Amino acid sequence: MKKLLSFLSVFLMGNLLFAQQKHGALMGIVTYQNEPLVGVVATLEGPNLIGKSSSVSNEKGRFRFNLVPPGGDYKVTLTLAGFRTLVRDHLSVNLGQVTELELEMNTDSVSEVLVVSGESPLIDATTNQISRNFSTELIGKLTNDRQMQMVMAMTPGAIEDNNPSMLGGASTDNLYMVDGADNTDPLTKTWSTALNFDAVEEVQVITGGVSAEYGRNQGAVVNLATKSGGNSFAGNLRFIASDIDWNSEDDGKPFDEATKYTTESRFAGTLGGPIIKDKFWFFTAYETRGKEKQTFHYATLEDYLSRDAGRQTSRVPKYEGHYFNVKLTYQPTPDHTIQANYNEDPIEFPLYNYLNSSNYGNGDNITREQGGDNLLLDWNWIITPNVITSLKYQRKDSPLNNRANYHSTVLEPVQEYNASFGTFYTETSAPTSDYYSAREYDSYNFSLNLFFESGWGFHDIKMGGEVRDAQYGSISPAWAGGFRMRWLASSGIGRMRIYDDPRSWVLTNEDYQALFIQDTWSVNDKLTLTLGLRSDHLSLANVDNVEVVNLKFGDTLAPRLGFAYKINQDSFHGSFSQYYDAIGDWIVRNNAPNQLYYADEYQLNLRMSELEAMGLAPWINPNDWLQINPQDHPDLWTYRTQYTFGSDGTADILGTIDPAYMQEYTLGYEKQMGSRYAVGLNYYNRTWKNAYEDEDFDQDGQWAFQTYKGTWRKYEALILTAQRQFTGTGLQFFTSYTYSKTRGISASDNSTAYLDSPYDVFNWYGRTLDYPTQIKFNGSYTFDFGLNVGLNYQFFSGSVWTPTISVENQIPGGVNEGGTATPLAETRGSRRLPNTQRTDLHVEYGLNLFNGKLKPSIYADVFNLLNQRYAINVNSDMGDGHYEYGPGNEPGTQGYIDYVTTHAPVLDDPNSRFGEYTQYTFPRSFFLGINLQF
């Protein structure tokens with residue numbers, strides 16, 4: 001509360017704050033005989049707008065409507081005494097964009113009303129920001145697995161995944177917004193709460209020249225607006241069915257992307273309408289989840305040792321839960337709007353079974369419990385037509401927990417069979433332990449928008465910021481009870497570890513504040529300049545509130561500069577932007593108190609071959625374990641050593657932790673090809689600098705942190721786009737061609753992946769997240785008689801991969817001594833998988849009954865229509881090898897560290913499975929649905 005009051009005082013003294021967008025704007029210039037017309041009353045009305053809004057044209061003939069909910073079918077009426085009333089209808093307002101109109105009034109037929117119909121411009125020629133808006137008219141007519149990731153995947157430069165990588169950024173670089181509220185998981189930096197997709201009004205994906213109001217991102221901003229209800233009751237009921245038996249056979253090929261290859265009966269519904277007409281609206285949505293999908297596991301150790309994917313057993317785990325959201329919108333007066341949003345998505349499923357971790361014996365032993373809830377309260381006050389202020393509060397809580405269904409004892413330990421190609425656990429063992437996490441924050445936003453004319457043009461000034469108090473972290477007790485038996489197949493040795501784990505929660509306390517100012521300056525009718533500056537303050541403290549990271553406002557000054565030049569209806573635009581990301585909590589985790597834990601290790605005096613000669617296989621049979629366990633048979637065991645793990649809260653920080661950032665240059669041209677078509681060509685140049693890095697070269701578990709200076713990832717792309725606007729029937733589409741290049745030392749979020757161990761350093765710079773060619777088409781054709789056919793197509797260059805060689809970790813005294821290290825045998829990204837492509841089909845037939853008040857439809861979604869199967873993963877293990885380091889470079893010396901960081905190991909024992917494909921794209925699959933709109 002103290003932080004909130006101090007921030008309020010800053011606000012009141014004039015450092016005014018602005019909340020993220022969840023609206024669009026409509027701006028017009030009205031003329032008479034090519035001269036600006038002053039005093040024209042413009043009235044805006046539409047189905048998504050409570051009541052009507054009015055604006056009066058100024059001396060430049062300009063009028064403007066702000067805070068316009070995104071959607072279509074808006075109408076502007078222009079009136080002025082002595083002039084004919086002019087109506088412009090069928091207008092669309094897009095999320096986060098300005099719809100521009102040029103209107104001319106005249107004095108003939110003053111008593112009549114002139115109605116002008118036409119589509120809104122496809123291009124916002126007032127912005128340098130590169131974004132793609134996906135409306136319900138497009139999304140609803142395409143194959144749709146009902147996730148925001150599907151919409152992101154349509155965006156040029158996006159790599160399809162559960163958390164897509166956007167234009168060279170990591171999967172954790174995106175900022176997810178729902179109705180202007182942050183929907184990003186504070187711990188993992190990935191998307192958080194899901195919702196019924198029928199609640200979505202529009203999705204905007206911003207990929208370049210992001211305005212200064214957005215922070216904590218270096219990939220893309222995903223801005224999603226939900227429906228708000230209306231003056232009449234409306235909604236839908238939907239039923240979706242899928243079944244593995246309807247789909248094409250998997251042919252024994254394990255696959256990913258199984259959100260589409262499922263069995264599920266799914267019910268969804270929405271309802272919105274008035275509580276008080278023109279004053280108080282509601283909207284609510286609900287959806288059930290209960291999907292099952294096919295996964296592949298080795299059911300027995302014999303099958304596992306064969307390393308033959310054809311011997312894997314198919315299982316069908318279940319993913320259960322629901323999505324629920326409700327929104328209330330109250331407008332007590334035309335100048336005040338109050339909105340309350342709540343959404344939740346509790347989900348439960350067997351973790352390793354559902355994630356298709358084929359090395360595990362029993363994937364049902366860990367239950368994943370996930371799903372968060374999000375509360376948003378938002379108040380907007382139009383002080384004058386040119387001054388808007390708002391107040392926003394958000395409370396988010398999105399825990400994710402793994403609950404072990406099996407807890408080990410000395411008589412029933414976790415049985416781990418370790419081979420060079422993976423790890424197998426018996427049916428009675430848990431592959432990992434319990435895991436509980438906290439992911440919560442309170443966020444406060446204030447805002448002021450100023451719109452005014454000056455002698456130098458029109459200014460749209462936004463001044464803003466945020467205060468956020470967050471707490472996130474986890475606790476994971478070691479090995480589900482603490483008894484772990486490791487069978488090392490390569491050496492034939494059995495070792496048991498008994499853990500003593502007194503650790504507390506590893507929590508990060510985040511104090512985040514942000515300020516920005518941005519002037520969108522329309523210098524004249526053609527040139528618009530964007531002059532923005534953002535700065536963040538990030539303080540990260542451990543569970544004892546000891547500050548570990550402190551990035552001050554002066555450390556993170558981020559300019560956001562750009563221009564847009566209007567040529568007829570076309571736009572020539574460019575930008576320079578700098579982005580900082582609020583990361584670094586792993587530094588806090590390694591400076592947390594009471595994080596040491598211990599393991600006493602015992603070695604079995606009998607080798608595995610001797611046990612087999614006695615007819616015993618305790619790594620498979622629990623009854624055999626009872627004949628050798630250390631409690632009842634201590635004579636068979638020898639105490640070996642005690643290991644210490646974790647951090648004692650004193651990790652070294654070498655130098656200063658300088659803020660990591662990304663610099664971006666864009667240049668583009670968007671051309672309006674008539675009223676319905678537009679094409680564009682955009683160039684991106686992105687450079688990531690100053691990675692936060694950790695190192696533990698002596699492998700003793702004590703980490704040192706430093707800043708890796710200079711460039712560590714670079715992305716360049718040239719993207720060609722074309723689109724056709726939807727007009728009720730006929731063709732609509734959005735298509736793109738992307739040519740890009742990505743190079744760097746890591747694909748993760750800068751990064752903790754480069755200096756972890758000396759074995760990781762050699763050959764680490766190269767291709768990463770590199771897909772040189774992408775082709776995407778998303779479009780539909782709607783016939784007059786109610787049939788709609790939608791098509792999604794994508795082509796990708798194959799992903800890169802790098803061979804590795806397994807070597808023994810020879811760093812003496814380290815926690816990983818005697819374990820396996822896997823240095824890169826070739827330059828990162830030296831090889832590439834085959835190109836992939838996929839075609840998805842949507843076919844829907846609908847009716848309009850009772851003058852369109854009831855719209856039933858039936859549809860089918862066919863994913864991977866042509867059943868094209870492509871490899872998406874590969875066995876990259878070349879085999880076992882060693883280092884020929886020579887005299888003076890023995891393990892334990894600096895010479896050894898220097899040698900392994902600059903040389904590749906020598907291959908001794910080639911892996912016969914090297915280069916074999918291990919995972920494929922999913923087979924053809926079907927969704928069947930019935931939808932009833934009313």
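A residue counts as buried when its relative accessible area is under 20%, as exposed when that area is over 50%, and as partly exposed in between. In this predicted model, Arg289 has a relative accessible area of 9%, so Arg289 is buried.

Arg289 has a salt-bridge partner. Its side chain meets that of Glu264, with N and O 3.0 Å apart. The two residues belong to distant parts of the chain: Arg289 sits in strand E19 (residues 280-293) and Glu264 in strand E18 (residues 262-276), a separation of 25 residues. Glu264 has a relative accessibility of 5% and therefore also counts as buried. The pair is part of a wider arrangement, for a network of salt bridges links Arg289 and Glu264 with Arg146, Asp198, Arg238, Arg266 and Glu287.

The structure as a whole holds 49 salt bridges. One of them joins Asp179 to Lys327, whose closest N and O atoms are 3.4 Å apart. Asp179 lies in the loop between strand E13 (175-178) and strand E14 (181-182), while Lys327 belongs to strand E22 (residues 318-333); the salt bridge therefore ties together parts that are 148 residues apart in sequence. With a relative accessibility of 5%, Asp179 counts as buried. Lys327, at 3% relative accessibility, is likewise classed as buried.

A further salt bridge connects Glu440 and Arg395, with 3.5 Å from N to O. Here too the partners come from distant parts of the chain, since Glu440 lies in strand E31 (residues 436-454) and Arg395 in strand E27 (residues 387-397), 45 residues apart. Are these residues buried or partly exposed? Glu440 has a relative accessible area of 21% and is partly exposed. Arg395, with a relative accessible area of 25%, is partly exposed as well.

The last stop is Ser135, a residue of strand E10 (residues 130-135). Ser135 is partly exposed, its relative accessible area being 22%. The side chain of Ser135 makes a polar contact with the side chain of Glu137, at 3.1 Å. Leaving aside residues up to four places away in sequence, Ser135 touches Glu201 and Glu202. Gln204 offers another view of how the chain is arranged around this serine: Ser135 and Gln204 are 69 residues apart in sequence, and their C-alpha atoms are 8.6 Å apart in space.

Note on methods: Residues are numbered from 1 along each chain as its sequence is written. This is a predicted model: local features need pLDDT of at least 70, side-chain atom pairs count only at pLDDT 80 or more; totals for chains, interfaces and linings use all residues. Side-chain values use heavy atoms; hydrogens and water are left out. A salt bridge is a side-chain nitrogen of Lys or Arg within 4 Å of a carboxyl oxygen of Asp or Glu. Helices (H or I, at least four residues) and strands (E, at least two) are DSSP runs, numbered from the N terminus. Buried means under 20% relative accessible area, exposed over 50%, partly exposed in between (1.4 Å probe, protein chains only). Contact means heavy atoms within 4.5 Å. A polar contact is a pair of N or O atoms within 3.5 Å; within protein, one must be able to donate a hydrogen and the other to accept it, and residues adjacent in sequence count only if both atoms are side-chain atoms.
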